[in-house]
Amino acid sequence: MGFKGSLPSPQLIEEFSQFFRLLSEPARLHLLCYLRQGPMDVTSLMEATGFSQSHISRQLSQLQRSGLVACERDGVRTIWSADNDLVEDLCSLVQNRLKERLELQLQ
């Protein structure tokens, strides 16, 4: 379901827009970077980021609705993890593009 061949529907454009808005929040990107390294609980994320528990919970909830992170119970703790394939693909794509732009600017 890409852009090649035919134009996406207005509904699909809106979905894309919402997804990119989700990724435009620095706090969510920060959390994804930590979860990309491996599963963590909220306490560990609080220590790593300095964010409050409520702020982390709000951001994780939004990331979970988009399918970028998932959680599972471990006793009383909730362990969060990134959808490694999708997050890795997104991060690699952006990093490669930024690297290309920087190399062009340095030439």
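The radius of gyration here is taken over C-alpha atoms, and the globule rule is 2.2 Å times the number of residues to the power 0.38. By that rule a compact globule of 107 residues would come out near 13 Å, but this chain has 16 Å. Its C-alpha atoms fill a box of roughly 50 × 40 × 20 Å along the principal axes.

A word on what you're looking at: it's a predicted model, where local features need pLDDT of at least 70, side-chain atom pairs count only at pLDDT 80 or more, and totals for chains, interfaces and linings use all residues. Residues are numbered from 1 along each chain as its sequence is written, and side-chain values use heavy atoms, leaving out hydrogens and water.

The chain has five helices and three strands, in the order α-α-β-α-α-β-β-α. These are DSSP runs numbered from the N terminus: helices are H or I with at least four residues, strands E with at least two.

Buried residues (under 20% relative accessible area, 1.4 Å probe, protein chains only) make up 25% of the chain. The largest nonpolar core, a set of buried Ala, Val, Leu, Ile, Met, Phe, Trp, Tyr and Cys joined through side-chain atoms within 4.5 Å, has 17 residues; Leu32, Leu35, Leu45, Leu60, Leu63 and Leu68 touch the most other members. These elements each give it two or more residues:

| Element | Residues |
|---|---|
| Helix H1 | 10–23 |
| Helix H2 | 26–37 |
| Helix H3 | 42–49 |
| Helix H4 | 53–65 |
| Strand S3 | 77–82 |
| Helix H5 | 84–106 |

Take Leu60: leaving aside neighbours within four places in sequence, Leu60 is in contact (heavy atoms within 4.5 Å) with Leu31, Leu35, Val42, Leu45, Val69 and Trp80.

Conventions: Buried < 20%, exposed > 50% of the residue type's maximum accessible area, 1.4 Å probe, protein only.
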